[in-house]
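Visitor: I'm new here, and I'd like to know the reasons behind the labels people use. Could you walk me through them?

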Amino acid sequence: MALHIHEACILLLVIPGLVTSAAISHEDYPADEGDQASSNDNLIFDDYRGKGCVDDSGFVYKLGERFFPGHSNCPCVCALDGPVCDQPECPKIHPKCTKVEHNGCCPECKEVKNFCEYHGKNYKILEEFKPSPCEWCRCEPSNEVHCVVADCAVPECVNPIYEPEQCCPVCKNGPNCFAGTTIIPAGIEVKVDDCNICHCHNGDWWKPAQCSKRECQGKQPL
């Protein structure tokens with residue numbers, strides 16, 4: 001009887017060990033965050049080399065299929081060694097282009113500047129205008145403004161005036177000169193007082209008039 005009890009005790013001691021090792025499994029306990037991160041780092045993605053191409057958005061294209069990658073507007077063809085993309089020699093954009101579209105493979109100019117800008121105003125090509133009475137300007141096909149400034153002749157008088165909307169001064173009363181403090185017309189002799197007759201120098205209006213003394217009473221010559 002004592003022998004049977006001893007064998008039963010040994011059997012009971014062995015059985016819990018068997019149950020514990022069989023019951024404990026990693027599937028029964030969730031992995032911690034570190035184990036999950038390590039597992040995600042080891043994910044293996046499908047390899048499409050020799051089978052297809054993948055664009056920037058993750059779309060897969062078959063061999064021979066044309067597609068547009070996300071970073072370019074030029075089409076590509078999926079080949080065994082990867083996408084083969086068109087790289088055309090795009091025409092130069094006009095330097096006066098004011099509107100450029102990038103919808104196609106090459107940038108395209110949609111609007112060319114066809115006017116000139118001068119002092120904050122726009123003028124059509126070949127349009128002529130006068131920004132001031134002394135300036136004559138034209139908008140050239142090159143979108144540049146060319147101006148000519150009037151070169152005024154020296155007025156032949158000592159009292160020129162400026163008319164509105166006119167560039168150069170004019171002698172409204174004709175050529176003249178000074179005889180003392182008196183302005184006399186050119187081309188004739190003028191009796192300026194009881195003693196003197198004066199006349200302007202021919203062509204030299206800026207010089208004082210030439211005067212000759214005549215008989216007078218109590219008058220001083222100029």
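Guide: Let's take some labels one by one, keeping in mind that this is a predicted model.

Visitor: Why is the pair of Tyr-61 and Phe-67 called stacked?

Guide: Their ring centres are 4.3 Å apart, and the planes meet at 10°. Centres within 6.5 Å make a pair, and planes under 30 degrees apart count as stacked, so this pair gets that name.

Visitor: And how do you know whether Tyr-61 is buried or exposed?

Guide: Look at the relative accessible area, which is 17% for Tyr-61. Buried means under 20%, so Tyr-61 is buried. Phe-67 has 4% relative accessibility, so that residue counts as buried too.

Visitor: What makes Tyr-123 and Phe-129 a stacked pair?

Guide: Here the numbers are 3.6 Å centre to centre and 5° between the planes. The cut-offs are within 6.5 Å and under 30 degrees, so the label stacked fits Tyr-123 and Phe-129. Both Tyr-123 and Phe-129 are buried, and ring pairs link them with Tyr-118 into a cluster. The structure holds three aromatic pairs.

Visitor: Let's move on to charges. Why is the contact of Glu-140 with Arg-138 called a salt bridge?

Guide: Their closest N and O atoms are 3.1 Å apart. The rule asks for a side-chain nitrogen of Lys or Arg within 4 Å of a carboxyl oxygen of Asp or Glu, so Glu-140 and Arg-138 qualify. Three salt bridges turn up by this rule.

Visitor: What makes Glu-140 buried and Arg-138 partly exposed?

Guide: Glu-140 has a relative accessible area of 13%, under the 20% limit, so Glu-140 is buried. Arg-138 has 29%, which sits between 20% and 50%, so Arg-138 is partly exposed.

Visitor: How do you know that Lys-172 and Glu-163 form a salt bridge?

Guide: The N to O distance is 3.3 Å, and the limit is 4 Å, so that pair passes. Lys-172 has a relative accessible area of 60%, and exposed means over 50%, so Lys-172 is exposed. Glu-163, at 24%, is partly exposed.

Visitor: Last one: which residues make up the largest nonpolar core?

Guide: There are seven: Cys-177, Ala-179, Ile-184, Val-190, Cys-198, Cys-200 and Ala-209. Apart from that core lies another of six residues, including Tyr-123, Phe-129, Cys-137 and Cys-139.

Definitions and conventions: Residues numbered from 1 in each chain as written. Predicted model: local features only at pLDDT ≥ 70, side-chain atom pairs only at ≥ 80, totals over all residues. Heavy atoms only, no water. Core = buried A, V, L, I, M, F, W, Y, C linked by side-chain atoms within 4.5 Å. Buried < 20%, exposed > 50% of the residue type's maximum accessible area, 1.4 Å probe, protein only. Phe/Tyr/Trp six-rings, centres within 6.5 Å; stacked < 30°, edge-to-face > 60°.
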